Each structure stands twice: as C-alpha cells, then as structure tokens.
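Grab a pencil and work through these short exercises with the structure open beside you. Try each task before you read its solution.

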Amino acid sequence: MRDILMPLQTNEYSNINNCSSSVSKFILLGFSYTWEIQIFLFSVFSGTYILTLTGNICIICAVMWDHQLQTPMYILLANFSFLEIWFITSTVPNMLANFLSETNTISVSGCFLQFYFFFSLGTTETFFLSAMAFDRYLAICRPLHYPTVMTVQRCIRTGAGCWVSGFLYFLLPIYLISQLPFCCPNTIDHFLCDPGPLIKLSCVPAPATEIICAICNSVLIFTTLVFIISSYTLVIRAVLKVPSAEGRHKAFSTCGSHLAVVSLFYGSIMVVYVSPTAGNPAGIQKYVTLSYSVLTPLFNPLSIVFEIKR
C-alpha cells in the first residue's frame, strides 16, 4: 500500500510545484451570473462607459474652445476629466470583454500593467481633488490674492505635479507584490487586478507587503482627505460670513458638486483600502470598487456642468 501511495503523493506534489512555477495568467471571476444577466450587465456598463467618455470629452472640448473657461479652475477640471477618461478605461473595457468571454483570463504582465495604471490614476485623482479644493479655498477665502497666487502657469505646474506624483507613489507596493511567487488556483475574485486578491494568491505569507500596502494607502487617503476637509472647512466659514443669501448660495453651489464627488470617491476607497487587505471580504471589495471606479467618472461631467451653469 505504501508503494502505491508514494508515486501518487509524488505526482501530487509535482503538480503543485509545476502549477506554482507556471502561473502565467490569472482568471478574473468578475461578476459570475447567468448568461442573460451577463448580457444585461454588458449593456449597462457599455452605456455607462460611452456616457462617461462622451461627457468628459465634452468638458475638455468646452474648456479648450471657450476662452472664458480657460481659467485655473476650469483647467484643473479639464485635467480631471482627462484623468477620469483613462481611469475608467483602465478597468471597464477588460470587464466588458470578460462578460462575453468564457475564460476571463488575463496574463500576469497584463494584470500588473492594469494594477499599475489603475492605482496610479486613482492616486493622481486624490492629488487633483486636493488641488481643486485648494483652488476653491483661494477663490473664496482669498479672492484678492487669487489672480496672483493661482496663475495659469502655476495651475499647469500643479497639474503636472499631480500626474507625476500619482504615477510614482505606488511603485514600491507594486514592485513588492510582483516579486511574490503565485500558486494555483490562480483565480481572482474581482473584476480587476487588486492587491488584496493578488497577495492571497501568493505561495508564501507576505505580512510585510500587506503592511506596506496598508501604510501607503492610509497615508495617501488620510493626508489628502484631511487637506480637502481643512480647505472646505475654511471655505464654509468664509461663506457663512457673506452677508447676502444670493452670495452664500452661489459659493455653496460652486463647492457642492465637487464635495459630492469627493464623498463618493473617498467613502468608497476608505472601505476597501484603509484596513489591511486580509480584512476585506472579496464580495464587498468588488462592489465598492465598482462604485468609485465607474460611478465617479460618470458623475464628474454632471457636477462640472452644474458648476458651469451656476
């Protein structure tokens, strides 16, 4: 009996080793429903993607063509719209393809490429939201100094700083996760390559990598969020001192739509990324990620249009 079991055990361990050494692709489970629901979701997200692209492209064109909108505030908004186009493009096209695919596979290199761009664009978004909050603080609380402090050239440099910082911030966590050995089953219970599910696929425990990811997420989220809240606290204090009701209403309407985008974005990412990756259930993580990766880019053009009309 021992002689019979030994070859079987050897073959089993050999298969595990081969699997762990030959993981060249991952399987994204995404949203596993019946075929009819998959087609329905494909239609919904296709429409959402087209509306998002159309709305944000219209904002960019409006700022480019209308000289009255070529001010620091709207230049930042146009940059933000350009960012939202690429942010949603980093996830939705692949998700749409998986709705119609039977395999739902993505190569390891493709997975980490998506991981890098998705997180870099998301990080850039936090920096742009902070820059836009500071712009509103200057415009409302320091109106006399605003034209000299926030010039077009300084606005362009601020936007460039947001882009560069966003694409540099997550290099270390991405590098650390990419160095982990991955084992079978190579299935990711998500619609994109996210650090939590990726770390769970590692053949060895990686507590240090998890802690570094959690620290990077927490530092980024809380520092930018505190900066935004501080800016708007000063804005609200200044607005409440405005004597006329019409002036207060105009000031609040200028900030209200931006605050709605900030609340949706930060509320979602704090649920997913502030706590260590092992503490987030896959199902909750997947749906909350959907809210800020798809809904925020969709609502952004609507909020900007609301501001322009005001």
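**Exercise 1: The surface and the chain as a whole**

Task: Find how much accessible surface the chain has, and what share of it belongs to carbon and sulfur atoms.

Solution: Start with the total, which is about 15,400 Å². Carbon and sulfur atoms take 70% of that. Keep in mind that you're looking at a predicted model, so these are values computed from a prediction. Next, look inside: 47% of the 310 residues count as buried. The chain is built with 12 helices and 3 strands. Finally, take the contacts between residues at least 6 apart in sequence: 82% of them join residues at least 24 apart.

**Exercise 2: A patch on the outside**

Task: Work out which residues make the nonpolar surface patch of about 280 Å², and say whether Tyr287 is buried, partly exposed or exposed.

Solution: The patch consists of Tyr33, Ile37 and Tyr287. Now place Tyr287: you'll find it in helix H12, residues 282-309. Its relative accessibility is 40%, so Tyr287 is partly exposed, because that class runs between 20% and 50%.

**Exercise 3: Into the core**

Task: Name the residues that touch the most other members of the largest nonpolar core, and the helix that gives the largest share.

Solution: This core has 83 residues, and the best-connected ones are Phe26, Ile177, Leu198 and Tyr266. Helix H5 (residues 108-141) supplies the largest share, with 14 residues. A general idea helps here: in soluble globular proteins, nonpolar side chains tend to be buried together.

Zoom in on Ile177. Skipping neighbours within four places in sequence, its contacts include Phe112, Phe115, Leu198 and Cys213.

**Exercise 4: One side of a helix**

Task: List the buried residues of helix H8 (residues 171-178) and explain why they sit on the same side.

Solution: First, the list: Pro173, Ile174 and Ile177. Second, the geometry: they span an arc of only 100° around the axis, so they share one side of H8. Here's the background: an α-helix has 3.6 residues a turn, so residues three or four places apart point the same way. Third, what do these buried residues pack against? They meet H5, helix H7 (152-169), helix H9 (195-200) and helix H10 (207-240).

Now check Ile174, which has a relative accessible area of just 9%. Beyond residues up to four places away in sequence, Ile174 touches Phe112, Phe115 and Tyr116. Its C-alpha atom is separated by 9.6 Å from that of Thr209, although the two are 35 residues apart along the chain.

**Exercise 5: The salt bridge**

Task: Find which side chains form the salt bridge and which parts of the chain it ties together.

Solution: The count is 1 salt bridge. It pairs Lys286 with Asp189, at 2.9 Å from N to O. Lys286 belongs to helix H12 and Asp189 to the loop between strand E3 (187-188) and H9, so the pair links parts 97 residues apart in sequence. Compare the partners: Lys286 is buried at 7% relative accessibility, while Asp189 is partly exposed at 29%. In general, side chains of opposite charge can pair when their charged atoms come close.

**Exercise 6: An unusual phi**

Task: Say where Asn104 is located and whether it is buried or exposed.

Solution: Asn104 has a positive phi of about 55°, yet isn't a glycine. You'll find Asn104 in the loop between helix H4 (92-99) and strand E2 (105-107). With a relative accessible area of 14%, Asn104 is buried, because the cut-off is under 20%.

Technical notes
Residues are numbered from 1 along each chain as its sequence is written. This is a predicted model: local features need pLDDT of at least 70, side-chain atom pairs count only at pLDDT 80 or more; totals for chains, interfaces and linings use all residues. Side-chain values use heavy atoms; hydrogens and water are left out. A nonpolar core is a set of buried Ala, Val, Leu, Ile, Met, Phe, Trp, Tyr and Cys residues joined through side-chain atoms within 4.5 Å. Buried means under 20% relative accessible area, exposed over 50%, partly exposed in between (1.4 Å probe, protein chains only). Helices (H or I, at least four residues) and strands (E, at least two) are DSSP runs, numbered from the N terminus. Contact means heavy atoms within 4.5 Å. The arc is that of the directions from the helix axis to the C-beta atoms. Accessible areas come from the Shrake-Rupley method with a 1.4 Å probe; for residues, only the protein chains shown count as cover. Patches are made of residues with over 30% relative accessible area and no salt bridge: like charges are joined within 9 Å, nonpolar side chains (Val, Leu, Ile, Met, Phe, Trp, Tyr) within 5 Å. A salt bridge is a side-chain nitrogen of Lys or Arg within 4 Å of a carboxyl oxygen of Asp or Glu.
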